[in-house]
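Thanks for making the time this morning. I would like to walk you through one pair of helices and then through the nonpolar core around them, so please have a look at the model before I go on.

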Amino acid sequence: MQRLAQFDVSRQFVTRPGQIAAQTVFGAVCAAAMIGVRAAVDLFAPVSGPFALIYPTVLLATLYGHWRAGVIAFVVTFLWAWYFVLPAQGSFLFTEASDPARVVINAIAALIVLIFAEAFRRVARSTVEEIRQSADRRLAQLAELEHRTKNNFALVASLLEIQKRRVSDTALHPMLDDAAGRVRTFADAYSSLSIEHSDGEDVDMRPYLDQLLDRIERAAVPDHVSLFREIDAVQLSRETAVAIGLYLNEAISNSLKYAFPDERPGKIGVFFQHRPEGWRLTIDDNGVGIEGEPSKGGGLGSNLLQAFSAQAGARHSAGPTLGGFRTEMNALREAVA
């Protein structure tokens, strides 16, 4: 219905003569279609309602072919109905004294339909164009906001590195490194959420998470750790997508930091599942477990994961599994009820 409402027979033509020709032909086609329908009606209801089908014909021709198509359809169908349907048939003469007024009233009514249809078409077209321009402006502003957010995160990370060089107490350096790393994590999540992932408010999660995981794999995953993924295709809101990206980044960072000490080989699996009742993000590793992963037990990393889960409207859980550790954000309805 939305495509039908925006249909315009002359839109595909660039030149003005081409548009006028398309509108003229469309008006003639509408008139021919009405004549065909009227001829079929005459088989069982001759001479009844001679001008009745002119109104929808003029309306459709004007809405989809501009006023020129409406005028063509009106002139052709009105003269045809007058000549072939209105008694006396095959003549422009009148058999009843009321017929002249009848013809004039129907002509005026059809012209009123044409005028209002053209006015409605112009207002609708103008409204659609305003909405499109507004949407384009908002997308441009959103892209600029995401770009500025990423740059601000990068600036904060640089300031933390400068502060680290100024601090003489080397015991503080690991904390500053950890803070700078988390800020870069936020920057990567926003950088991956590029405007191409969505035409509107929603984000295609499969390409978004694939790109984010590719960035993490190139930048942070060592050779002795393998990263696997299984991601279902679904669209979620941009706010939820950002929260999921930040959660995923933090969870993988924790696994890489604590699960595989001394270049221990291992695997990290990322599973994003979508069901009618919601979605679930799971990060599994086969590392050393909770004893080697203190940040998963209640430190800053755990607090960040809880915050990102709350932002996404999900529930966070983390704990050891048989031969590893699992971090999960669950938005299935029975899980968050």
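The crossing of α6 and α7 is right-handed, and I should say at once that what we are looking at is a predicted model. Helix α6 covers residues 205-219 and helix α7 covers residues 238-258, and their axes come within 11 Å of each other, crossing at roughly 30 degrees. Angles under 35 degrees count as roughly parallel, and α6 and α7 are therefore roughly parallel to each other.

Which residues make this contact? On the α6 side they are M205, Y208, L209, L212, L213 and I216, and they meet A241, V242, I244, G245, L248, N249 and I252 in α7. Sorted by character, the residues of this contact are 11 nonpolar and 2 polar, with no charged ones.

Let me widen the view to the largest nonpolar core, which has 39 residues, and in which M205, I252, F272, W279 and L281 touch the most other members. Two or more residues come from each of α6, β2 (225-231), α7, β4 (266-275), β5 (278-285) and α8 (300-311), and α7 is the element that gives the most, with 10 residues.

M205 is worth following individually: if we leave aside its neighbours within four places in sequence, M205 is in contact with I231, V234, L236, A241, I244 and F272. Finally, apart from this core lies another one, made of 15 residues, among them I54, F74, V85 and A110.

Notes. Residues are numbered from 1 along each chain as its sequence is written. This is a predicted model: local features need pLDDT of at least 70, side-chain atom pairs count only at pLDDT 80 or more; totals for chains, interfaces and linings use all residues. Side-chain values use heavy atoms; hydrogens and water are left out. Axes are lines fitted to C-alpha atoms, for helices over the stretch in contact, and angles run from 0 to 180 degrees between N-to-C directions. Helices (H or I, at least four residues) and strands (E, at least two) are DSSP runs, numbered from the N terminus. Angles under 35 degrees count as roughly parallel, over 145 as roughly antiparallel, 65 to 115 as roughly perpendicular and the rest as oblique. A crossing is left-handed if the near helix is turned anticlockwise from the far one by less than a right angle, and right-handed if clockwise. Contact means heavy atoms within 4.5 Å. Ala, Val, Leu, Ile, Met, Phe, Trp, Tyr, Cys and Pro count as nonpolar, Asp, Glu, Lys and Arg as charged, and the others, Gly among them, as polar. A nonpolar core is a set of buried Ala, Val, Leu, Ile, Met, Phe, Trp, Tyr and Cys residues joined through side-chain atoms within 4.5 Å. Buried means under 20% relative accessible area, exposed over 50%, partly exposed in between (1.4 Å probe, protein chains only).
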